[in-house]
Amino acid sequence: MRAFAGQHSDAVAIKRTQPQKQAQLVQLREQLATMKPTVAASMRESIVKRIADLEKELGASAASTRR
């Protein structure tokens, strides 16, 4: 049940602009670089995966703007 009318479900992706994606990419890279060795491998893998996804999105959007 939704809390209020028009509320998005958790399954809907958050729409971000190109500058927001670039800022998030920088933030994730910094976070990965400052992680201690004791951090769970699954946490590290999830950040690496998100970085790869963002790079792919930014690469695809950059290619489409060049056309």
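**Exercise 1. Find how many salt bridges the whole structure holds, then examine the one between Lys-21 and Glu-57.**

Let's start with the total: a search of the whole structure, which is a predicted model, turns up four salt bridges.

Step 1. Check the distance. The side chains of Lys-21 and Glu-57 come to 3.0 Å, N to O. A salt bridge requires a side-chain nitrogen of Lys or Arg within 4 Å of a carboxyl oxygen of Asp or Glu, so this pair qualifies.

Step 2. Place the partners. Lys-21 belongs to helix α1 (residues 18–33), while Glu-57 belongs to helix α2 (residues 41–66). With their positions 36 residues apart, the pair links distant parts of the chain.

Step 3. Look at the surroundings of Glu-57. Its relative accessible area is 33%, so Glu-57 is classed as partly exposed.

**Exercise 2. Work out which residues are joined with Glu-57 into one salt-bridge network.**

Step 1. Find a further partner. Arg-50 also meets Glu-57 in a salt bridge, at 3.9 Å from N to O. That value passes because the cut-off is within 4 Å.

Step 2. Add the accessibility. Arg-50 has a relative accessible area of 26% and is therefore partly exposed.

Step 3. Combine the pairs. Salt bridges with shared partners join Lys-21, Arg-50 and Glu-57 into one network.

**Exercise 3. Describe the salt bridge between Asp-53 and Lys-49, and decide whether each residue is buried, partly exposed or exposed.**

Step 1. Take the geometry. The closest N and O atoms of Asp-53 and Lys-49 are 3.2 Å apart.

Step 2. Locate the pair. Both Asp-53 and Lys-49 sit in helix α2, four residues apart, which is about one turn of the helix.

Step 3. Classify each residue. Asp-53, at a relative accessible area of 29%, is partly exposed. Lys-49 reaches 52% relative accessibility, and exposed means over 50%, so Lys-49 counts as exposed.

**Exercise 4. Characterise Gln-24: its helix, its accessibility and its contacts.**

Step 1. Gln-24 is found in helix α1.

Step 2. Its relative accessibility is 17%; buried means under 20%, so Gln-24 counts as buried.

Step 3. Leaving aside residues up to four places away in sequence, Gln-24 touches Arg-16, Arg-50 and Leu-54. Arg-50 is familiar from the network with Lys-21 and Glu-57.

Step 4. Finish with a backbone distance: the C-alpha atoms of Gln-24 and Ile-51 are separated by 8.8 Å, although these residues are 27 residues apart along the chain.

Definitions and conventions: Residues numbered from 1 in each chain as written. Predicted model: local features only at pLDDT ≥ 70, side-chain atom pairs only at ≥ 80, totals over all residues. Heavy atoms only, no water. Helix = DSSP H or I, 4+ residues; strand = E, 2+ residues; numbered from the N terminus. Buried < 20%, exposed > 50% of the residue type's maximum accessible area, 1.4 Å probe, protein only. Contact = heavy atoms within 4.5 Å.
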